[in-house]
Amino acid sequence: MGSTRPKGRRSGRAVQGCYAAALNDCGGDLEAEHFVSKALLQQLGRSFTVNGPPGAKGGKKSGPNAFTAHVLCKRHNGALSPVDTTAGRFYRLMLTAVSAGRIGDHEFDGDDLERWAIKLLLGAAVSNNISDDAGRALVVSQPPLPYPQFLFGESDVSPGCGFMFASTPLEGMEEATSLSWRPLISQQGASAEWSA
Ligand SMILES: [Zn+2]
């Protein structure tokens, strides 16, 4: 379930500007892609604070229509819509759990949640929306092949990578209406931060 592999046979096409072009399975023109799922952004309200992109030091006000970029072809963009739906459903339940406590039983495809995180990472990186430690935009044109391969259902995530369970509460996760990201690896060493 939750497959993000484009339907039918491999197209054999590579659309210039699509970050999954190396898979040779493109179709249609480049489309505006919400690399942070709109289904998730809409739950943050009409206005929210963003930290992470270049120029957003100290937090920048934004809204649900932000974070679009022409970084995927129509065929690859369309293949990711189940991932956006999953992210929106997951986040809604997380918010309910924080405020109400009890949410009952729900099933999620863990691979889809990991694919959603990679979709955000690649979209933000290729559209120059990730900054280095000095606040400058990182320039990424084509991501390393294993990322689009996993994102579009052609391979499994590497052992030891992906989402893990945290056995103790994570600091800073109480900020339910902000969005921030940083590279996992910087020139100064490993660091990680994600909250939504
Ligand atoms: Zn494509």
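This passage describes the overall make-up of a predicted model and then a number of its local features.

The protein contains 5 helices and 8 strands, and from the N terminus onward these elements follow the order β-α-β-β-β-α-α-α-α-β-β-β-β. Of the 196 residues in the protein, 28% are buried. Among contacts with a separation of 6 or more, 69% are accounted for by residues that stand 24 or more positions apart.

With regard to confidence, the average pLDDT of the protein is 81, and 82% of the residues score at least 70. Confidence is highest in helix 2 (residues 74–79), at a mean of 96, and lowest in strand 8 (residues 194–195), where the mean is 44. Over residues 189–196 the pLDDT stays under 50, although the model has 18 contacts for these residues beyond four places in sequence.

The packing of two helices was examined next. Helix 3 (residues 81–100) and helix 4 (residues 110–126) have axes that come within 9 Å of each other and cross at roughly 105 degrees. Because angles of 65 to 115 degrees count as roughly perpendicular, helix 3 is described as roughly perpendicular to helix 4. On the side of helix 3 the contact is made by Pro 82, Val 83, Thr 86, Ala 87 and Phe 90, and on the side of helix 4 by Asp 112, Leu 113, Arg 115, Trp 116 and Lys 119. Classified by residue type, this contact of helix 3 with helix 4 comprises 6 nonpolar, 1 polar and 3 charged residues.

Among the strands, strand 2 (residues 48–51) shows an alternation of side chains, in which Phe 48 and Val 50 point to one face and are buried, whereas Thr 49 and Asn 51 point to the other face and are not buried. In a regular strand, side chains alternate in this way between the two faces of the sheet. Strand 2 runs antiparallel to strand 3 (residues 60–62), and the two are joined by 3 bridges; within this pairing, Phe 48 stands opposite Ser 62 of strand 3.

Backbone geometry was then considered at two asparagines. Most residues other than glycine have a negative phi. Asn 24, by contrast, has a positive phi, near 55 degrees, and is found in the segment that precedes strand 1 (30–34). Asn 24 counts as exposed, because 11 C-beta neighbours lie inside 10 Å and the limit for an exposed residue is 12 or fewer. Asn 128 likewise has a positive phi, in this case near 60 degrees, and is placed in the loop between helix 4 and helix 5 (146–151). With 16 other C-beta atoms within 10 Å, Asn 128 is partly exposed.

The loop between helix 4 and helix 5 also holds Leu 138, which counts as partly exposed because it has 15 C-beta neighbours inside 10 Å. When residues up to four places away in sequence are not counted, Leu 138 touches Ala 125, Ile 130, Ser 131 and Asp 132. In addition, Leu 138 and Pro 54, which are 84 residues apart in sequence, are 8.7 Å apart in space from C-alpha to C-alpha.

Methods
Residues numbered from 1 in each chain as written. Predicted model: local features only at pLDDT ≥ 70, side-chain atom pairs only at ≥ 80, totals over all residues. Axes fitted to C-alpha atoms, helices over the stretch in contact; angles between N-to-C directions. Helix = DSSP H or I, 4+ residues; strand = E, 2+ residues; numbered from the N terminus. Parallel < 35°, antiparallel > 145°, perpendicular 65-115°, else oblique. Contact = placed C-beta atoms within 7 Å. Nonpolar A, V, L, I, M, F, W, Y, C, P; charged D, E, K, R; others polar. Buried ≥ 20, exposed ≤ 12 C-beta atoms within 10 Å, placed from the backbone. Pairing = 2+ DSSP bridges. pLDDT = per-residue confidence, 0-100.
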